[in-house]
Amino acid sequence: MAVDTVPTSAPAAAPDIIRRHTGGGPRRIAELAGLVITHGEGCDLVTDDGRRIIDFATAMGVAAIGHAHPVWTEAVAGQARRLAATVLHTPQQARYLEELARFTPAGLDRIALYSGGAEAVEVSIRLAQSYTGKRNILSFTTGFHGKTAGTRFLGGRFADERARLGIDYVHDVTYPLCTEHDAVDYNTCTDDGHQSLELLERKARETGDVAAVIVELLPGTAGNRPPQRGFPKALSEMCKRNGWLLIADESITGFGRLGHRFASDYFGISPDILVLGKAMGGAFPLTGVAAGGELWDNSLFAELSSTSSSYGANPLACAAGIAVLEIENAPGFLDNVRAVGERLGRGLTELAAASPYVRAPRGIGLMLGFDFVDPATGELADPQLRQTLFQRCLDAGILLVGDVSSVRLNPPLVLTPAEAGRAIDALGNALQP
Ligand SMILES: Cc1ncc(COP(=O)(O)O)c(C=O)c1O
């Protein structure tokens, strides 16, 4: 059966059916948008009534190579016809690991593959704890690392639940966000977040027994807000001085989003453990943990099968991952991210000057953001105004992660300059006074 003829329910009925049968509530952004998407083409999503919307949400950075990329589509479909799962070795897994080990930063060349982000974060923590023989993990209040039991207590998002349940191995401190610079002049930020460094040191003294610090170098869920630029380097040096492992959760920032392969390359640091995800599979569920052999071989993961999981490293996932690397390794890929990112960054700064609804434009590469504000009060937009502004953007043809007041823009990394221009025009139209 051809893909286009696979039966589905009538598109218009989809929202009701999803509301009726989904466990828990549906996604807020989907409910607010009220659209049904039938397919995607490049950087666009297409609705059931044929409208094209440029996709600056990309499923929170997952669809980084855009939709239906021919290299990826052929690779996944071809592999699906050959072999989708086995517990035995496959040439796809061998080739993928070899190529991925060349793609990840030097020294982080042993990689365990998984299918979920939280799952990979859990492994990174267990790796750090079992290697060091210590239990405490320092994290940052702006961090978001997933929703499973072990990860949701990292960062400040579910702090109440953590206090209620008495989880006591996670300790977080404020992340030093850059508030003085936009995407255009971020390079000139010279702050190093020394107050957060002092807090970290104090927290570590209080708790003792620190295994690792986990960080989202550029916090995504917290609004695509870059740190004070000197902080990652200072943090990395502090970790080295104190013998703490540094875990960089690059679920969103990895695979080119900042115009470099990884955010750690951008900031010039070498974490001990890298969490990989989202863009990695080009929308196929594929995540991973990269570290050096010294760590893996001296941890609880040294045993055979200890890193295995039902879906990790299946040949279909590996084929998807190989296709993503082929696309990302093509000449000019990262140059495009940087060039188009600069153009969008400039556009956002101009938008903030022209629109009373837009404040604090920010970001690096193609990980950008701004705040929706209420011109009447000067405060962040309340839910009703947010909904109006989000809807106006959709009507103008652009989907943002804009169901919150800290708006995120995570466009596909294959965005062309012309598409960036189209997006800026759409935002200008939608958010004019
Ligand atoms: C930085 C970061 N880490 C981990 C996760 C968790 O990934 P998943 O939703 O696949 O469990 C997310 C999800 O958004 C994330 O943004």
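Which atom of the ligand is 2.6 Å from an N or O atom in the side chain of Asp249? The points below begin there.

1. A nitrogen atom of the ligand makes this approach: the distance to an N or O atom in the Asp249 side chain is 2.6 Å. Keep in mind that the model is predicted.

2. Oxygen atoms of the ligand also have polar partners. One lies 2.8 Å from a polar backbone atom of Gly117. For Lys278, the partner is an N or O atom in the side chain, and the distance to a ligand oxygen is 2.8 Å. On its own, the ligand has 390 Å² of accessible area, and the protein covers 76% of that.

3. The setting is the largest pocket; the ligand sits there. Around the ligand are Gly116, Gly117 and Ala118, then Phe144, His145 and Gly146. Glu216, Asp249, Ser251, Ile252 and Lys278 also surround the ligand.

4. What is the make-up of this shell in nonpolar, polar and charged residues? The shell divides into 3 nonpolar, 5 polar and 3 charged residues. Asp249 and Lys278, both named above for their side-chain contacts, belong to the surrounding set.

5. Turn now to salt bridges. The structure holds 14. One of them joins the side chains of Arg19 and Glu31, with an N to O distance of 2.7 Å. Arg19 lies in helix H1 (residues 14–21) and Glu31 in helix H2 (residues 28–33), so this pair ties together parts that are 12 residues apart in sequence.

Key
Residues numbered from 1 in each chain as written. Predicted model: local features only at pLDDT ≥ 70, side-chain atom pairs only at ≥ 80, totals over all residues. Heavy atoms only, no water. Near = heavy atom within 4 Å. Polar contact = N/O pair within 3.5 Å; in protein donor to acceptor, adjacent residues only side chain to side chain. Areas by Shrake-Rupley, 256 points an atom, 1.4 Å probe, with all protein chains shown as cover. 1 Å grid on protein atoms, 1.4 Å probe; cavity = no way out; pocket = protein on both sides within 12 Å on 5 of 7 lines; lining within 4 Å. Sits in = over half its atoms within 2 Å of the grid points. Nonpolar A, V, L, I, M, F, W, Y, C, P; charged D, E, K, R; others polar. Salt bridge = Lys/Arg side-chain N within 4 Å of Asp/Glu carboxyl O. Helix = DSSP H or I, 4+ residues; strand = E, 2+ residues; numbered from the N terminus.
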